[in-house]
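Subject: Structure handover

Hi there,

Here is the structure I promised to pass on to you. Please have a look at it first, and then read on for my notes.

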Amino acid sequence: MAPLRSAHRRLGTRPHRAAMLLIAIIAGVGVLPGVAVAAPAGGGQQLNAADMTLLNGVRLAGLWEMPAGQMAAEKGQSAKVREIGAGIANEHQRLDQLVVDAANKLGASIPSEPTAEQKGWLTEMQNASGARFDQIFVTRLRVAHGKIFPVIGAVRASTRDATVRKLCDDANGFVMHHMQMLESTGLVRWPELPPAALPAPGKDGLLAAAGANAGPQPGVSSTVVWLVFLAALGTGGIATYRMLRRS
């Protein structure tokens, strides 16, 4: 398999109506780009669904948050938002290279472009300006970082793979820093953030259902991987929409 390369700037071009948010989540399994299951790593080992959820989630975050940060650096109304946008874009370039390197090392296929929903968020930002743009930028990115953050911790706690553990360590630092930067704008609406999606005990937990603690699983369905990730994405979808409507 040809090695992957780190992403360049990509901007969404298709307009998306807010009413399509939940439809995109439900239909996402069938239309998400670059869906694949991990190929055998060194020694014939295979990644499990939780490991792939982490790789795919970190990759997808970079694919839309890099251009989002670049947009903020160029058109943010406040100097603070412009500064933070540039910082997030630069740091996501570094994180994107780390996830690409990890995927190449593990023989895993990861997405090559944002999801339709993420392209819609970029279009939403392109069509906004002034204070409205600043609010959308901070709201979208803060919610997105809040959803990937617990996934990183859960995979870090259970993965058997050293490369995935190292990626979790790196991603955790980047995501924490990005949340702190976004919060420093004073634009985060704390009471309206989506509630925490705490994992249930035993086999009912989100990542447990994906086989996080079951070791290597030959033939793990890509549908399972994406259902896990989309469940995390969908947790805050309605809350995000309501926050932006009120702005």
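Let me start with a salt bridge: R156 pairs with D169, and their closest N and O atoms are 2.7 Å apart. The two partners sit in separate helices, R156 in α5 and D169 in α6 (residues 162–183), so this is a link between distant parts of the chain, 13 residues apart. As for exposure, R156 is partly exposed at a relative accessible area of 35%, and D169 is partly exposed as well, at 40%. Please keep in mind throughout that this is a predicted model.

How many salt bridges does a search of the whole structure find? The count is 6, and I picked out two others for you besides the one above.

One of them joins R140 and E124, whose side chains meet with an N to O distance of 2.9 Å. R140 belongs to helix α5 and E124 to helix α4 (residues 116–126), so this salt bridge ties together parts that lie 16 residues apart in sequence. Is R140 buried or exposed? With a relative accessible area of 10%, R140 is buried. Its partner E124 comes out as partly exposed, at 21%; the cut-off for buried is under 20%.

The other is K166 with D170, where the closest N and O atoms are 2.8 Å apart. Here both residues lie in helix α6, 4 residues apart, which is about one turn of the helix. K166 is partly exposed with a relative accessibility of 47%, and D170 is partly exposed at 21%. As a general reminder, side chains of opposite charge can pair when their charged atoms come close.

While you are looking at helix α5, which covers residues 130–158, you may want to find Q135 there. Q135 counts as buried, its relative accessibility being 10%. The C-alpha atom of Q135 is 9.6 Å from that of G76, although 59 residues separate the two along the chain.

Next, a helix pair. Two packed helices are described by the angle between their axes and the distance between the axes. How do helix α2 (residues 49–75) and α4 cross, and at roughly what angle? Their axes come within 10 Å and cross at roughly 5 degrees. Angles under 35 degrees count as roughly parallel, and α2 and α4 are therefore described as roughly parallel to each other. On the α2 side, the residues in the contact are L60, W64, P67, A68, M71 and K75, and they meet Q118, W121, L122, M125 and Q126 of α4. By type, the residues of this contact divide into 8 nonpolar, 2 polar and 1 charged.

Finally, the overall picture. The secondary structure of the chain consists of 9 helices and 0 strands, so to speak an unbroken run of α elements from the N terminus on. The chain has 247 residues, and buried residues make up 49% of them. Of the contacts with a separation of 6 or more, 84% are between residues 24 or more positions apart. The accessible surface of the chain comes to about 11200 Å², and carbon and sulfur atoms account for 56% of that area.

That is what I have for now. Happy to talk it through whenever suits you.

Best wishes

Definitions and conventions. Residues numbered from 1 in each chain as written. Predicted model: local features only at pLDDT ≥ 70, side-chain atom pairs only at ≥ 80, totals over all residues. Heavy atoms only, no water. Helix = DSSP H or I, 4+ residues; strand = E, 2+ residues; numbered from the N terminus. Buried < 20%, exposed > 50% of the residue type's maximum accessible area, 1.4 Å probe, protein only. Salt bridge = Lys/Arg side-chain N within 4 Å of Asp/Glu carboxyl O. Contact = heavy atoms within 4.5 Å. Areas by Shrake-Rupley, 256 points an atom, 1.4 Å probe, with all protein chains shown as cover. Axes fitted to C-alpha atoms, helices over the stretch in contact; angles between N-to-C directions. Parallel < 35°, antiparallel > 145°, perpendicular 65-115°, else oblique. Nonpolar A, V, L, I, M, F, W, Y, C, P; charged D, E, K, R; others polar.
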